[in-house]
Amino acid sequence: MSGGAPEAALEVIRAGALTTLQDLGRPGYAHLGVPRSGALDAGAYGLANRLLGNPPDAAVLETTLDGVGLRALAPVTVAVTGAPCAVRVSGRAAAWGAPVRLRAGAELEVGRAESGVRSYVAVRGGFAVPPVLGSRSTDLLSGLGPGVPVAGTVLPVGPAGPDPVRGADELRVPGAPTELVLPLRLGPRADWFEPASVAALWRAEFRVSPASNRIGLRTEAGARLVRSRGGELPSEGMVLGAVQVPPDGLPVVFLADHPVTGGYPVLGVVPPGPPLNAAAQAGPGLPVRFVRG
Amino acid sequence: MRPLVVGGEALLIELDSAQEVAALHAELLRRREAGELGDVRDVVPAARTVLLDGVAGPGALADRIARWEVPPLARTEGPLVTVPVRYDGPDLTEVARRWGVAEREVADVVAGTEFRVAFCGFAPGFGYLTGLPERLHLPRRNTPRTAVPAGSLALAGEYAGVYPRSSPGGWQLIGTTDAVVWDPEREPAALFAPGVRVRFEEVTG
C-alpha cells in the first residue's frame with residue numbers, strides 16, 4: 001500500500017494472563033455442537049463499542065486479571081471498560097471508560113484489574129481478524145475462532161463506521177463487588193435434588209472457585225446439593241446461565257464458552273444481563289449467594 | 001412429551017425415546033421452514049430431549065407444541081449423504097469378534113445400515129448417528145486413546161460417529177474417511193447436522 005495511510009493495527013507487547021478476542025459470539029449453531037462464546041461481561045463489551053461509535057458486534061479484546069500491553073502501528077482510538085484498571089499511554093496516565101487517541105508507535109498499557117476480573121479493550125473500527133461462523137470470538141472450549149494473541153501478534157483494525165466517537169457524559173467506575181448475588185429460576189431438573197438441600201441453597205454462602213473460567217463460574221465452600229435420585233441423566237441441551245450440579249453438589253454457572261449439551265442435572269438458570277455480567281467480574285474467593293429469581 | 005421451562009427464554013421438551021426425539025425434531029424443522037414456529041434461535045436435539053433456546057415466550061410455545069400431532073418419522077425424511085470409508089481401524093478385529101462376524105463383514109454390516117444424525121455434541125460437527133440394532137451396540141474402550149485421528153469412523157453404545165478433528169476419544173475405531181465432516185468455511189459447516197441420513201460406502205486404497 002505504498003503512498004496510502006499505514007494499515008491500522010495494534011501489536012501485542014504483553015499478552016497478559018489470558019487475553020482473547022470477543023464479540024457477540026456464535027448463537028444459533030448449538031445444534032452443530034458449537035458453543036455460543038462471546039464477551040462474558042456483555043454490558044462492558046457493549047459500552048466499549050458505544051464509546052467509540054462502533055457497531056454493536058465489533059470485536060474487542062477481553063483481558064483476565066492483569067490487562068494487556070499494545071502498540072499502535074498507526075493512529076487509532078481505543079477505549080477500556082469492564083474491570084477498572086490503570087490505563088497508560090506511553091507511560092502517561094490516560095482515561096478509563098473513555099475514548100483515548102493513540103499516535104502511531106504509542107504504547108497502551110492496560111493495567112491489572114483493581115477490582116473485577118475482565119477488562120475490555122475496544123478500538124475504533126473493531127479488530128478485523130477473520131470471522132469464523134460469523135464471529136471473531138475465541139471459543140476456549142472448542143477452539144473455534146482466532147487464536148489467543150501472544151506477544152508479537154499483530155491485530156488488524158477495521159475501517160471506522162459512520163457513527164462518530166461518542167465518549168460518555170457520565171461514566172461510573174464500578175465499585176469493588178463485595179458479593180455476587182445470582183437470581184436463580186429453578187428448573188428444569190430441580191426435582192433431581194432433595195428439597196431440603198434446595199431450601200438450604202437459599203441460605204448458603206458459596207465462594208467463587210479459582211477453577212472458574214470462561215466455560216463456567218465454579219463455586220466452593222457452600223452447602224452441597226444432595227440428589228434425590230440415582231441414575232444418570234442422558235445429555236441434554238444447555239443454556240447460558242444454566243446452573244449445573246455435578247456429583248460433588250457444588251453449583252457451576254455456565255458462562256459463554258459452556259458446552260452445548262451436558263449430562264449433569266440443571267438446578268436452575270441465572271438470567272443473562274446484569275447477573276451474568278456480574279458473574280464475569282467475580283474473582284476467586286468472592287462470596288456468592290443465590291436468590292429466588 | 002413433557003415440556004420443561006428453562007430460565008426465561010428456553011424450553012426443554014423431554015421425550016420417551018430417540019425415535020420420538022427424531023420425530024419431534026423433524027416436525028420442528030418442518031414448521032420452522034413453513035414459518036410456523038415463531039422466533040426460536042436454537043433447536044438442539046439430544047438423546048431424549050429437544051431444547052428450544054432463544055424463545056420469547058417459552059410457556060406459550062409449550063402450550064402450542066402440546067397441541068401438535070407429531071407424525072412418526074418417515075424413513076426417507078431428511079437429506080441423505082454417502083460417506084466413503086476405508087475399513088482400516090485399529091479396533092476392527094475387536095468389533096468383529098463382539099459382533100460375531102468375520103473382520104471383512106464389518107463393512108457389510110455398516111454399509112447395510114442407514115444411519116441418522118440424532119444430535120451433535122462433544123466437538124463442533126461431531127454427530128451422534130443412530131441406526132445400529134441393539135444387538136450390535138458396543139461398549140467404549142476401557143482406556144480412551146489420547147489422540148484419535150480426524151476422519152476416524154467410530155462406534156460406542158448405540159452410536160456411530162466420525163471424529164471431525166484429532167482429539168482424545170474412547171470409541172471403537174473401525175475405519176477412516178476422507179470426507180470433511182466439519183469445515184466452518186463451508187456452508188453447511190457440518191456434514192452431519194441433526195436429521196441428516198448417512199450411508200457409509202466401502203472404498204479401498
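In chain A, the mean position of the 26 positive charges and that of the 23 negative charges are 2 Å apart. This value, like those that follow, was computed from a predicted model.

The secondary structure of chain A consists of three helices and 20 strands. Along the principal axes, a box of roughly 70 × 40 × 30 Å is filled by the C-alpha atoms of the chain. The radius of gyration of chain A is 20 Å, which agrees with the value near 19 Å that a compact globule of 293 residues would have. Burial was assessed for the 293 residues of chain A, and 54% of them count as buried. The accessible surface of the chain amounts to about 11,800 Å², and carbon and sulfur atoms contribute 54% of this area. Among contacts in chain A with a separation of 6 or more, 77% are made by residues 24 or more positions apart.

At the level of single residues, D257(A) was examined. This residue is located in the loop that joins strand 17 (252–254) to strand 18 (261–262) of chain A. The relative accessible area of D257(A) is 0%, and the residue is therefore classed as buried, the cut-off being under 20%. When neighbours within four places in sequence are left aside, the residues in contact with D257(A) are P35(A), S37(A), T138(A), D139(A), L140(A), L141(A), R214(A) and I215(A). With L140(A), a polar contact is also formed: the side chain of D257(A) reaches the backbone nitrogen of L140(A) at 2.9 Å.

How values were computed:
Residues numbered from 1 in each chain as written. Chains lettered and ligands numbered in written order. Predicted model: local features only at pLDDT ≥ 70, side-chain atom pairs only at ≥ 80, totals over all residues. Heavy atoms only, no water. Helix = DSSP H or I, 4+ residues; strand = E, 2+ residues; numbered from the N terminus. Rg over C-alpha atoms; globule rule 2.2 N^0.38 Å. Buried < 20%, exposed > 50% of the residue type's maximum accessible area, 1.4 Å probe, protein only. Contact = heavy atoms within 4.5 Å. Areas by Shrake-Rupley, 256 points an atom, 1.4 Å probe, with all protein chains shown as cover. Lys, Arg positive; Asp, Glu negative; His and termini not counted. Charge placed at Lys NZ, Arg CZ, Asp CG, Glu CD. Polar contact = N/O pair within 3.5 Å; in protein donor to acceptor, adjacent residues only side chain to side chain.
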